[in-house]
Amino acid sequence: MRWVRPRETEEAPHGKVAVPGFLSGLSGRILALTVAIIMSAEIVFFVPSLASMRLRWLDDRLSTAAAAATVIDGLQPQVLPRALQDETLMATGTKAIVLRKDGASQLLAITDMPPEIAKTYDLTDVGPVEAVVDAFDELLFGGDRAIRVFGHIGDSDAIIELVISDDELRHALLVYARNIFLLSILLSTFTAMLIFFRLNAILVRPLRRQIANMQAFSDHPDLPESVYRPEETTDELGIAGRHLASMQSELQKTLRQQKRLAELGLAVSKINHDMRNILASAQLMSDRIAGTDDPVVRRVAPKLLRAIDRAAAYSRSVLSYGQVSEAEPRREMVSLFGLINDVHDYLELSADRPIDWINRVPEDLKVDADPEQLFRVVFNLCRNSVQALTQQAHEKRDSLNCLIVSAQRHGSVVSLSVDDTGPGMPQKARENLFAAFRGGVRSGGTGLGLAIARELVLAHGGTIALVEKAGQGTLFRIEIPDRPVALENWRSETGA
């Protein structure tokens, strides 16, 4: 199977949808979203880590100064020489060292010019929010400032106090932030690429394959090889692919049926022209026969004329199902009993067809319908029943072959039933009921009769349905409501 590579440009041919490129497509969005999510996570971890790094740096300075203070305190009561004080301050990176012990403060070492204190930090009790605020304050506004820091020496009650410049602290924070940023970029890019390649393999590529297939199928929907071949996976893409393949297969079947229907309509239209001329001649001959004095001919002639008239009407509308919709019903109050008798006459139930015909329609029952269209509906249903009963009679000579047509009025709705004792409707016909070329009741049937019957009943605002029955056979029920009448028209017609 050859796949058509989708165009990755912003422009597309007329009637087609352009496939987006890498940056504007799903792949680029997944990559950008992955990088953004990982960077956001890194920022969440960066904030407390920066505060922790600052506290560790200050603790290191306090620990170093505490060690020097312990040595100096052991030399008491001797005074530390100036040169040794400077070396101690330089080694600890401080401006002044103060030891608080036993309620007294002792200045151990100090520069000649004590600096002005800008900030004071107590490391004995630092909250998380305060640590974060102080860290960003140092990172953004620090440098060239003297800060005062104090905290306990180990687990003792002694407190060491330092005065230091924050230049080195700010420099250390900047280096740490830069390293964390570069590491985050490297980590997020590496992780994003891993996630991207995996998502591209399991998500983007199958989607692009489905899009390419849809474009190829839209160009050649009649080719069997254009149907999508789904992957045997249980995820959502696999399910979507199988649904797509099923939909395309059904669409191809529908297109083939429509093509055959169009070809059938073309063939019938060629026959229709000559058939109307033949029926016109038959109508003229029937008019002459009706004028004879033979009583048998005079009794048969009206039925023959009605049959020819109906045949001519069918010939004029023979293409209505395949090309246009049925004509609007010309409704009138029709005697349903007489219409059912006409259907019986046209069924030609002769002696070689041992079928019991029962007309249980009340003689005074009238229905608001188009007589010709209602005749076609009932005739199609009864003809299907007669064909099923005839086949059953040939296969089972002792079978009960009965066709019952009954009707009754419920308020403004007339319910008509066509019930037979035949073999019943096959399962395949039940699944495709009222579907042309798929709902055939018998072998070789087209299913057009039921499809046309349903269309005509719906045009009357009614319903037609296959009713489940306890015994053997098939039961169709048709319900046709009367047309609504405006109150003013009813009053004018009745003189009320």
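D137, E138, R145 and D166 are linked in a network of salt bridges, in a model that is predicted. Within that network, E138 pairs with R145, and the closest N and O atoms of the two side chains are 3.2 Å apart. The structure as a whole holds eleven salt bridges, whereas the count of disulfides comes to zero. The points below take up the salt bridges, the annotated spans, a nonpolar patch on the surface and the largest nonpolar core.

**Salt bridges**

- In the pair formed by E138 and R145, E138 has a relative accessibility of 0% and therefore counts as buried, and R145 is likewise buried, with a relative accessible area of 16%, which is under the 20% that sets the limit.
- R61 forms a salt bridge with E168, and here the closest N and O atoms lie 2.9 Å apart.
- This pair links distant parts of the chain, since R61 belongs to helix 1 (residues 26–74) and E168 to helix 4 (residues 167–219), with their positions 107 residues apart in the numbering.
- E168 has a relative accessible area of 48%, so this residue is classed as partly exposed.
- A further salt bridge joins the side chains of E250 and K253, with a distance of 3.9 Å from N to O.
- Both E250 and K253 lie in helix 5 (residues 236–290), where they are three residues apart, or about one turn of the helix.
- E250 counts as partly exposed at 38% relative accessibility, and K253 is also partly exposed, with a relative accessible area of 42%.

**Annotated transmembrane regions**

- An unreviewed UniProt entry places the feature "transmembrane region" at residues 30–51 and at residues 180–199.
- In the model, the span of residues 30–51 is 100% helix and 0% strand, and its end C-alpha atoms lie 32 Å apart.
- The span of residues 180–199 is also 100% helix and 0% strand, with its end C-alpha atoms 27 Å apart.

**Nonpolar surface patch**

- F181, L182 and I185 make a nonpolar surface patch of about 290 Å².
- F181, one of the residues in this patch, has its place in helix 4, and its relative accessible area of 48% means that F181 is partly exposed.

**Largest nonpolar core**

- The largest nonpolar core has 39 residues, and among these L336, L339 and C382 touch the most other members.
- The elements that give two or more residues to this core include three helices, namely helix 8 (336–347), helix 9 (371–395) and helix 11 (448–459).
- The strands that give two or more residues to the core are strand 8 (366–369), strand 9 (402–410), strand 10 (413–420) and strand 12 (474–481).
- Helix 9 provides the largest share of this core, with nine residues.
- In soluble globular proteins, nonpolar side chains tend to be buried together.
- C382 counts as buried, because its relative accessibility is 0%.

**Cysteines**

- C402 is buried as well, with a relative accessible area of 9%.
- By the rule applied here, which asks for a pair of cysteine sulfur atoms within 2.5 Å, the structure has zero disulfides.

Key
Residues are numbered from 1 along each chain as its sequence is written. This is a predicted model: local features need pLDDT of at least 70, side-chain atom pairs count only at pLDDT 80 or more; totals for chains, interfaces and linings use all residues. Side-chain values use heavy atoms; hydrogens and water are left out. UniProt positions are given in the numbering used here, feature names are shortened, and annotations may be inferred rather than shown by experiment. Helices (H or I, at least four residues) and strands (E, at least two) are DSSP runs, numbered from the N terminus. A salt bridge is a side-chain nitrogen of Lys or Arg within 4 Å of a carboxyl oxygen of Asp or Glu. Buried means under 20% relative accessible area, exposed over 50%, partly exposed in between (1.4 Å probe, protein chains only). Patches are made of residues with over 30% relative accessible area and no salt bridge: like charges are joined within 9 Å, nonpolar side chains (Val, Leu, Ile, Met, Phe, Trp, Tyr) within 5 Å. Accessible areas come from the Shrake-Rupley method with a 1.4 Å probe; for residues, only the protein chains shown count as cover. A nonpolar core is a set of buried Ala, Val, Leu, Ile, Met, Phe, Trp, Tyr and Cys residues joined through side-chain atoms within 4.5 Å.
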